[in-house]
Amino acid sequence: QVQLVESGGGLVQAGGSLRLSCAASRRTFTMGWFRQAPGKEREFVAAISWSGGNTYYADSVKGRFTISRENAKSTVYLQMNSLKPEDTAVYYCAADFRRVGRSPDEYAYWGQGTQVTVSS
């Protein structure tokens with residue numbers, strides 16, 4: 001069993017930056033970020049392999065968000081720059097012992113979520 005705890009969410013103005021952190025109770029092969037806005041389906045944001053050499057991004061965040069991990073601390077980060085109101089959502093950290101994926105069905109472990117609100 002893997003426990004995940006997200007932090008770093010909050011309120012920020014459009015164009016600003018925010019960094020989310022996710023601490024895992026044990027090491028996993030892959031970690032990723034998803035988000036879900038009210039009335040919307042949960043969507044893929046970014047994912048990273050164990051070594052950090054392979055990263056994947058949704059087209060909507062490519063060039064603005066950066067995912068990274070620090071394996072010694074079993075922690076994954078999501079640096080969010082040039083934030084837009086459309087980025088407002090609950091952000092979830094996810095992990096699995098299998099290879100990286102873009103579907104929520106490919107991740108067995110999930111954090112509680114952290115709210116990110118971007119004002120105009």
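Hi everyone, let's start in the middle of things: strands β4 and β9 run antiparallel, and seven bridges join them. Before I go further, please keep in mind that this is a predicted model.

So, strand β9. Its residues are 89–96, and β9 is mostly covered, with seven of its eight residues buried. Besides β4, which other strands does β9 pair with? One is β11, residues 114–119, which pairs with β9 in the antiparallel sense over three bridges. Another is β10, residues 109–110, again antiparallel, this time over two bridges. If you want to find these pairings on the screen, here are some residues to click on. V90 has Q115 as its bridge partner in β11. A94 stands opposite W110 in β10. And for the pairing with β4, look at R35, whose bridge partner in β9 is Y91.

While you have β9 in view, find C93. Which residue does C93 form a disulfide with? The partner is C22, and the two sulfur atoms are 2.1 Å apart. C22 sits in strand β3, residues 18–24, while C93 is in β9, so this pair ties together parts that are 71 residues apart in sequence. Are these two cysteines buried or exposed? Both C22 and C93 are buried. There is also a handedness to notice here: the torsion about the S-S bond is about -85 degrees, so the disulfide is left-handed. The count for the model comes to one disulfide.

Next, let's follow C22 back into its own strand, β3. This strand belongs to an open sheet of four strands, in the order β1-β3-β8-β7, with antiparallel pairing. Which strands stand at the edges of that sheet? They are β1, residues 4–7, and β7; each has a single partner strand, so one side of each is left without a neighbour in the sheet. From one strand to the next, the twist averages 15 degrees. Between β1 and β3, which run antiparallel, there are four bridges. A handy place to look is V5, which stands opposite A23 in β3. As you trace any of these strands, here is a general point to remember: in a regular strand, side chains alternate between the two faces of the sheet.

Now back to R35, the residue we met opposite Y91. R35 is in strand β4, residues 30–36. Is R35 buried or exposed? Its relative accessibility is 6%, and the cut-off for buried is under 20%, so R35 counts as buried. What does R35 touch, leaving aside its neighbours within four places in sequence? The contacts include V45, V61, F65, D87, V90 and Y91. Its side chain also makes polar contacts, one with the side chain of E43 at 2.6 Å and one with the side chain of S60 at 3.5 Å.

That brings us to charges. As a general idea, side chains of opposite charge can pair when their charged atoms come close. How many salt bridges does a search of the whole structure find? The search finds five, and I'll walk you through some of them.

Let's take R35 and E43, whose side chains meet in a salt bridge at 2.6 Å, N to O. We have just seen that R35 is buried; E43, at 35% relative accessibility, counts as partly exposed.

Then look at R64 and D87, whose side chains meet in a salt bridge at 2.8 Å, N to O. R64 lies in the loop between β6 and β7, and D87 in the loop between β8 and β9, so this pair ties together parts that are 23 residues apart in sequence. R64 counts as buried at 11% relative accessibility, and D87 is buried too, with a relative accessible area of 2%.

Here is the part I like: R35, E43, R64 and D87 are linked in a network of salt bridges. Try showing those four residues together on your screen.

One more pair to look up is D96 and R98, which form a salt bridge with the closest N and O atoms 2.8 Å apart. D96 is buried, with a relative accessible area of 4%.

To wrap up, I'd take two pictures home. One is β9, paired with β4, β11 and β10, and holding C93 of the disulfide. The other is the salt-bridge network of R35, E43, R64 and D87. Thanks for listening!

Methods: Residues are numbered from 1 along each chain as its sequence is written. This is a predicted model: local features need pLDDT of at least 70, side-chain atom pairs count only at pLDDT 80 or more; totals for chains, interfaces and linings use all residues. Side-chain values use heavy atoms; hydrogens and water are left out. A disulfide is a pair of cysteine sulfur atoms within 2.5 Å. Buried means under 20% relative accessible area, exposed over 50%, partly exposed in between (1.4 Å probe, protein chains only). A polar contact is a pair of N or O atoms within 3.5 Å; within protein, one must be able to donate a hydrogen and the other to accept it, and residues adjacent in sequence count only if both atoms are side-chain atoms. Contact means heavy atoms within 4.5 Å. A salt bridge is a side-chain nitrogen of Lys or Arg within 4 Å of a carboxyl oxygen of Asp or Glu. Two strands pair if DSSP finds at least two bridges between them. Axes are lines fitted to C-alpha atoms, for helices over the stretch in contact, and angles run from 0 to 180 degrees between N-to-C directions.
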